[in-house]
Amino acid sequence: MNKKIWLSSPHMGGKEQVYVKEAFDTNWIAPLGPHVDGFENDLCNFIGVQAAAALSSGTAAIHLALILLGVKAGDEVICQSFTFSASANPIVYQGAIPVFVDSECDTWNMCPNHLRIAIKDRIAKGKMPKAIIPVHLYGMPANMKEIISIAVEFGIPIIEDAAEAIGSSINNKPCGSFGVLGVLSFNGNKIITTSGGGALISDNENHINQARFLATQARDAAPHYQHSHIGYNYRMSNVCAAIGRGQMEVLVDRISQRRSNYDYYVKHLGAIDGITFLAEPAGYFSNRWLTTILVDASKTNGITREDIRLALEKENIESRPLWKPMHLQPVFAGTTFYGDGTSERLFKNGLCLPSGSNLDKLDLDRVLNEITKALQ
Ligand SMILES: *Cc1c(COP(=O)(O)O)cnc(C)c1O
């Protein structure tokens, strides 16, 4: 059997173990410590925000963001439907109700037109949405100019799910810095990883201080353990942050490696009838976390994205359908949705190709060879 080619696997830079050793040597093996502080600084500098809280996951970051914005039981929160479930699950942790909005074709992310329709209809039904969660899927920035202008018009705060988009930007403004609060993830399959982890970022230092307080069990200032709020155990460990510090040193390289994967795929598949890629709109910069294709079976002699996925799987190559929209998930059956079928169509025809920064030319050629064969 040929070597397994993964969709997106961890890619260490080299310095991670040095920093982890430092954590061991100084016995900072706790959900706080100098690497946590250092990692937060690295994130602030890279993204250009005032404050960052390193957390146990991106999901925890979204949960804390909702709490900070006062989302409570029975409230409604608007969320991009085309995303990973972690964007929406924390809404339900709060007892709040997700309202899902479809994608646009240009970015595959939240459609501003449907967002406006959704907000107006919710207001007409007597429910002012408490927050909007757009997502930058696969690293492609959402249409933040339009989304922000709608959010401002109706006075609704944005929680920006940039879990897949560290290093992406629009007109050089980094993803994660557009919303009132931004969310990052360092899970094992993301562009950089701390093995598991996330961060909440913002220009509002009060929000981030409050996030740190809630993430460490909401302990009041007292010599004994005293609590006036419900707290969480959501802080990142100093050992994980040590890995993160090493990963930050190679992030720029990782982005260019992922982007050259994309370019290589486009170069070899771009001319094939029925295979299309998602191009960057003018001024948009994607970290190209995952390279994705759409397969139009009416132009490929009936070959579907599933045929290609199975052909790759047979050769020990991992690929994956695009995210299944939340409004089509059994767990969210009956949830309100505003859209026109765009995300459903993307799910039906789309495939994520192996995109790790540690793939070499031979790996990519193996993938390309199998796709070309499957299409014959
Ligand atoms: C990975 C991811 C998250 C959640 O991050 P975790 O660190 O895995 O909890 C949230 N949203 C999106 C879009 C993601 O891809």
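**Exercise 1. The ligand and its surroundings**

In this predicted model, a polar side-chain atom of Glu164 lies 2.6 Å from an oxygen atom of the ligand. Starting from this pair, describe which other side chains approach an oxygen atom of the ligand, and state where the ligand sits.

*Solution.* Begin with Thr59, where an N or O atom of the side chain is 2.5 Å from an oxygen atom of the ligand. Continue with Ser185, whose side chain places an N or O atom 2.7 Å from an oxygen atom of the ligand. Each of these pairs can be called a polar contact, because the definition asks for N or O atoms within 3.5 Å. As for the cover that the protein provides, the ligand has 380 Å² of accessible area on its own, and the protein covers 95% of this area. Widening the view, one counts 15 residues around the ligand, and the closest are Thr59, Asp161, Glu164, Ser185 and Lys190. Finally, the place to look for the ligand is the largest pocket.

**Exercise 2. Ser355**

Decide whether Ser355 is buried or exposed, and find the backbone atom that its side chain reaches.

*Solution.* First locate Ser355 in the loop that runs between strand 15 (350-353) and helix 12 (361-374). Next take its relative accessible area, which is 1%; Ser355 is therefore buried, since the cut-off for that word is under 20%. Then follow the side chain of Ser355, which reaches the backbone nitrogen of Thr291 at 2.8 Å. Last, leaving aside residues up to four places away in sequence, list what Ser355 touches: Trp6, Leu7, Arg258, Asn261, Trp289, Leu290 and Thr291.

**Exercise 3. Two helix residues, Val92 and His207**

Place Val92 and His207 in their helices, and work out how each is classed by its relative accessible area.

*Solution.* Val92 belongs to helix 4, which spans residues 89-93. With a relative accessible area of 42%, Val92 is partly exposed, because this class lies between the 20% limit for buried and the 50% limit for exposed. Not counting residues up to four places away in sequence, Val92 touches Pro98 and Phe332. Val92 can also be set against Glu76, which is 16 residues apart from Val92 in sequence and 10.0 Å apart in space, from C-alpha to C-alpha.

Turn now to His207, which has its place in helix 7, residues 205-215. The relative accessibility of His207 is 16%, so this residue counts as buried. With residues up to four places away in sequence again left out, His207 touches Leu68, Leu69, Val180, Leu181 and Ser202.

Definitions and conventions: Residues are numbered from 1 along each chain as its sequence is written. This is a predicted model: local features need pLDDT of at least 70, side-chain atom pairs count only at pLDDT 80 or more; totals for chains, interfaces and linings use all residues. Side-chain values use heavy atoms; hydrogens and water are left out. Helices (H or I, at least four residues) and strands (E, at least two) are DSSP runs, numbered from the N terminus. Buried means under 20% relative accessible area, exposed over 50%, partly exposed in between (1.4 Å probe, protein chains only). A polar contact is a pair of N or O atoms within 3.5 Å; within protein, one must be able to donate a hydrogen and the other to accept it, and residues adjacent in sequence count only if both atoms are side-chain atoms. Contact means heavy atoms within 4.5 Å. A residue is near a molecule or strand if one of its heavy atoms lies within 4 Å of it. Accessible areas come from the Shrake-Rupley method with a 1.4 Å probe; for residues, only the protein chains shown count as cover. On a 1 Å grid over the protein atoms alone, a cavity is a set of points where a 1.4 Å probe fits but cannot get out, and a pocket is an open set with protein on both sides within 12 Å along at least five of seven lines; lining residues have an atom within 4 Å of a point. A molecule sits in a cavity or pocket if more than half of its atoms lie within 2 Å of its grid points.
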